[in-house]
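Hi,

Here is the model I promised to pass on. Have a look at it first, and then read my notes underneath.

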Amino acid sequence: MAKIIAGVGSSHVPAIGAALDNGRTEEPYWKRVFSGFEKSKQWMRETKPDVAIVVYNDHASAFSVDLIPTFALGCAAEFPPADEGWGPRPVPVVKGHPALAAHIAQSVILDEFDLTIVNKMEVDHGLTVPMNLLFGQPKDAWPCPVIPLAVNVVMYPPPTGHRCYMLGKAIRKAVESYPEDLEMVIFGTGGLSHQISGPRAGLINSKWDKAFLDNLSKDPKKLTRIPHIDYMREAGAEGIEMVMWLIMRGALEDQVDEVYRFYTVPASNTAVGHIILENRRRGAGKAKRPAAKTKRAAARNTSQAVRRGK
Amino acid sequence: MARKEQEYDDIPGTFVFDAERSREGYGINMFCMSLMKDENRKAFKANEAEYLKKFNLTPAQTEAILKRDYNRMLELGGNIYFTAKLGATDGHSFQHLAAVMTGSSQQDYAAMMLAGGRSVEGNRSRSGKAKPGSKSKSKPKSKSSAKRK
């Protein structure tokens with residue numbers, strides 16, 4: 001059986017990708033941002049997921065205003081990096097997992113989530129920046145296949161936080177009905193507070209962000225009741241993309257362990273937020289394949305180290 | 001037809017890109033999208049007004065684009081992820097656009113961001129009706145408080 005073992009929340013600021021691509025990570029401004037992901041990369045190396053689902057949004061790269069799917073699941077074998085105006089980012093082509101993606105699509109559609117299936121799609125910084133932050137900068141290939149889930153947060157209204165959370169639950173159910181033994185991580189990306197449009201551009205609300213992260217860990221249902229107007233008013237017009245983190249959270253168990261958190265202001269125009277949540281390992285020793293057990297134990301050790309270092 | 005007043009129009013300095021603006025601004029956004037191709041960037045730069053004729057824009061939309069009035073573009077249905085492509089075609093960084101939209105110098109805008117960004121205090125509501133946080137929305141349920149008595 002496949003299983004989601006952890007969730008990662010991460011901002012996907014394009015300037016972070018530009019800093020990586022242009023070798024500016026050692027500059028003090030960027031070092032402040034990247035240093036917050038060092039432990040996360042170690043956690044990811046030790047967790048070694050077999051597959052990752054990355055929830056993100058496209059920024060007028062793969063989708064223009066010709067077609068605006070609310071939820072679009074990438075079922076292709078590969079997803080090339082998009083040219084966002086400066087040539088495609090120098091990152092490896094993202095390999096998909098078509099069999100699992102098709103299985104998830106079928107399962108969640110029958111669970112009444114009418115998502116769009118995408119068999120050809122380029123992926124932009126929304127997907128590749130969080131992958132860099134957690135997987136580093138591999139030259140030839142990413143360490144695991146990735147299933148992209150693109151969410152419309154560009155045109156109002158995006159799906160509600162509650163809808164996102166429930167989709168997460170349906171994804172978890174779908175994953176757990178897949179026969180192959182796979183350990184998976186799900187990413188929720190975007191945010192945190194930011195507004196990049198209009199005279200109010202530059203808005204940051206750290207108090208809101210902190211409360212969001214706190215509730216994401218402990219009381220996600222509270223977050224599912226936040227209306228869109230509150231996101232836009234409090235966290236900025238573009239801050240509304242934080243609803244995507246609720247898909248990740250919905251795919252986890254109700255009770256999770258927060259093993260890492262990082263927050264800094266700003267990266268470009270945005271508050272950078274990052275969190276790692278692990279499902280609790282009740283029954284971990286039960287009928288687990290030995291390799292997986294070792295992996296999980298290693299991850300747990302890192303988690304504790306990370307927690308101590310917090 | 002006049003735009004229907006929406007609850008979120010109360011947020012100051014913000015043009016929410018909703019379904020109505022998406023409909024109205026289709027031409028602006030598809031024009032911006034066309035700038036992803038180098039040959040189109042060159043054609044636009046060679047004769048801006050002529051190039052814009054291909055996109056079925058209103059005179060106000062054409063004027064906003066030619067004048068690089070980024071706020072007006074948003075008001076008339078442009079979306080920031082699209083209009084940013086026009087900025088890039090002009091060779092500007094995103095912070096340049098942000099400075100233009102906020103009516104500040106790029107230096108001042110960058111300094112504001114470094115100092116923690118624009119505060120939400122005083123920037124929540126045009127009418128002043130909105131209360132800080134979402135507390136006003138999640139009133140304690142009378143049922144549970146009655147239970148405690």
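Below is what I found, starting with chain B and ending with where the two chains touch. Keep in mind that this is a predicted model.

Chain B first. Its secondary structure is made up of 10 helices and 0 strands, so to speak a plain run of α-α-α-α-α-α-α-α-α-α when you read along the sequence. The chain has 149 residues, and 34% of them count as buried. If you take the contacts in chain B between residues at least 6 apart in sequence, 56% join residues at least 24 apart.

One helix I'd pull up on screen is α8 of chain B, residues 94-102. The buried residues in this helix are B:Gln95, B:Leu97, B:Ala98, B:Ala99, B:Met101 and B:Thr102. What covers them? Among the elements that do are α6 (70-75), α7 (80-89) and α9 (106-114) of chain B. Just after α8(B) comes B:Gly103, which has a positive phi, near 65°.

Now for the contact between the chains. How many residues does each chain put in? Chain A gives 32 residues and chain B gives 45 residues. On the chain A side, the elements that supply two or more residues are α9 (228-235) and β9 (256-267). The largest share there comes from α9(A), with 5 residues. Sorted by class, that side of chain A has 17 nonpolar, 9 polar and 6 charged residues.

Cheers

Notes
Residues numbered from 1 in each chain as written. Chains lettered and ligands numbered in written order. Predicted model: local features only at pLDDT ≥ 70, side-chain atom pairs only at ≥ 80, totals over all residues. Contact = placed C-beta atoms within 7 Å. Helix = DSSP H or I, 4+ residues; strand = E, 2+ residues; numbered from the N terminus. Nonpolar A, V, L, I, M, F, W, Y, C, P; charged D, E, K, R; others polar. Buried ≥ 20, exposed ≤ 12 C-beta atoms within 10 Å, placed from the backbone.
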